[in-house]
Amino acid sequence: MRGNRGGTVISLTDGHPCALHVDPIEKKPLFHFLPGSRTLSLATAGCNLSCLYCQNAGISQEGPAAESMDGTWTAEDVVRLAQARDCATVAYTYTEPIVYFEYALACARAARAAGLRNVMVSAAYCNPGPWGTLCRAMDAVNVDLKALSDAFYREVCGARLEPVLKALVQARDLGLLVEVTNLVIPTLNDGDEALTALCRWVWAELGPATPLHFSGFFPQHRLRHLPPTPPATLLRARELARAEGLRHVYLGNLELPDGANTHCANCDALLIERRGYSVRTNRLEPGGVCPACGAVCAGVWS
Ligand SMILES: [Zn+2]
């Protein structure tokens, strides 16, 4: 994704998205950030990981021209499109925004100047300097925490665990709304011990109110020999997470009872009812207040 032009390293995907379309914010997934709003999803080709199970390998593991759209899209073009489509945010997603760092930053700054907000979906495998720069331009992030195991990162993702953990804490410290996704893959990271270790880390380092999404795996890319995640595994993951004290645990990629609903962390009242990625009812009062007990639900609600 990088080239040498006259002795200078440049980004080859700058201004050349491979995806630019409108999604519900729930699809990122972000469940505690402007629920029910629309986001303009932007991606260019490329990733700095090589996950064996990548569901977007056609754009993440190919060259800079992979599925590239016609013409050049400046940051201003992106912002104009977001406004025309009634989007509250621009989302840097599908592939890895760290890889199109300059473009993501330019779009995010232009979006913020125009009164829009910015969210990203990232594996957060990044040095603290550039990660901090990117985070300061963002309002929320969903980090894909693949497993709490360095061996898993090295063997399955071509990366390392420690920088990811540091980046998650850094994003939280910089004031971003942080949600975490863990893709649960049969035989690789679905054991009780692995799931519990991940939940304990999220609880201790990010806090019990951090939304945690367990997502179901489907055979993809180089892991087509593994079975999809059974619903019972996701339900067990949720039980383990709740037992560790996490208050907002969601189940994704499979429709499971109560899997996408938000409950009050204090009184358990149903606050937001979702069907898939769409919000059916939102009972939160202004400021994210629970109508049943008055507790404030962690998140960005307006
Ligand atoms: Zn309540």
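Here are some exercises on this predicted model, each with a worked solution.

**Exercise 1. Overall size**

Find how many helices and strands the protein has, and compare its radius of gyration with that of a compact globule.

*Solution.* Start with the secondary structure: the protein has eight helices and 13 strands. Next, take the box along the principal axes, which the C-alpha atoms fill at roughly 60 × 45 × 30 Å. Finally, turn to the radius of gyration. A compact globule of 302 residues would have a value near 19 Å, and the protein has 19 Å, so the two agree.

**Exercise 2. The hairpin of β1 and β2**

Work out in which sense β1 and β2 pair, and which residue of their hairpin takes a positive phi.

*Solution.* Locate the strands: β1 covers residues 2-5 and β2 covers residues 8-11. Four bridges link them, and the pairing is antiparallel. To follow one of the bridges, begin at G3 and cross over to I10, its partner in β2. Now look at the turn. Two residues lie between the strands of this hairpin, and G6 has a positive phi near 60°.

**Exercise 3. The sheet of eight strands**

Give the strand order of the open sheet of eight strands, and name its edge strands.

*Solution.* Reading across the sheet, the order is β3-β4-β5-β6-β7-β8-β9-β10, and the pairing is mixed. The edges are β3 (19-24) and β10 (249-252), each of which pairs on one side only. From one strand to the next, the twist averages 20°.

For a look inside the sheet, go to β7 (residues 140-144) and β8 (residues 177-184). These two strands run parallel and are joined by five bridges. One place to see the pairing is N142, whose bridge partner in β8 is E179.

Last, see what lies against the sheet. Helix α3 packs on it, touching β4 (38-43), β5 (89-92) and β6 (117-122). The direction of α3 makes about 170° with that of β5.

**Exercise 4. Helices α3 and α4**

Decide whether α3 is roughly parallel or oblique to α4, then list the residues that make the contact.

*Solution.* Helix α3 spans residues 101-113 and helix α4 spans residues 128-136. Their axes are 9 Å apart, and the helices pack at an angle of about 25°. Because angles under 35 degrees count as roughly parallel, α3 is roughly parallel to α4. The crossing of these helices is left-handed.

On the α3 side, the contact is made by F101, A104 and L105; on the α4 side, by P130, T133 and L134. Sorted by class, the contact of α3 with α4 has five nonpolar residues, one polar residue and no charged residues.

**Exercise 5. Helices α7 and α8**

Repeat the reasoning for α7 and α8: find how α7 lies relative to α8, and the hand of the crossing.

*Solution.* Helix α7 takes in residues 192-206, and helix α8 takes in residues 231-243. The angle is about 45° and the axes are 9 Å apart. That angle makes α7 oblique to α8. The crossing is right-handed.

Now pick out the contact residues. From α7 come D192, L195, T196 and C199, while α8 supplies A237, L240 and A241. By class, the contact of α7 with α8 has five nonpolar, one polar and one charged residues.

**Exercise 6. The sheet of three strands**

Trace the open sheet of three strands and describe the two hairpins within its order.

*Solution.* The order is β11-β12-β13, with antiparallel pairing. At the edges are β11 (262-263) and β13 (278-282), each pairing on one side only.

Take β11 and β12 (residues 270-275), which are joined by two bridges. In β12, T262 has I272 as its bridge partner, and H263 has L270. These strands form a hairpin with six residues between them, and D268 in the turn has a positive phi of about 70°.

Move on to β12 and β13, an antiparallel pair with four bridges. Here R274 stands opposite V279 in β13. The hairpin of β12 and β13 has two residues between the strands, and G276 takes a positive phi near 60°.

Terms used
Residues are numbered from 1 along each chain as its sequence is written. This is a predicted model: local features need pLDDT of at least 70, side-chain atom pairs count only at pLDDT 80 or more; totals for chains, interfaces and linings use all residues. Two strands pair if DSSP finds at least two bridges between them. Axes are lines fitted to C-alpha atoms, for helices over the stretch in contact, and angles run from 0 to 180 degrees between N-to-C directions. Angles under 35 degrees count as roughly parallel, over 145 as roughly antiparallel, 65 to 115 as roughly perpendicular and the rest as oblique. A crossing is left-handed if the near helix is turned anticlockwise from the far one by less than a right angle, and right-handed if clockwise. Two residues are in contact if their C-beta atoms, placed from the backbone, lie within 7 Å. Ala, Val, Leu, Ile, Met, Phe, Trp, Tyr, Cys and Pro count as nonpolar, Asp, Glu, Lys and Arg as charged, and the others, Gly among them, as polar. The radius of gyration is taken over C-alpha atoms; the globule rule is 2.2 Å times the number of residues to the power 0.38.
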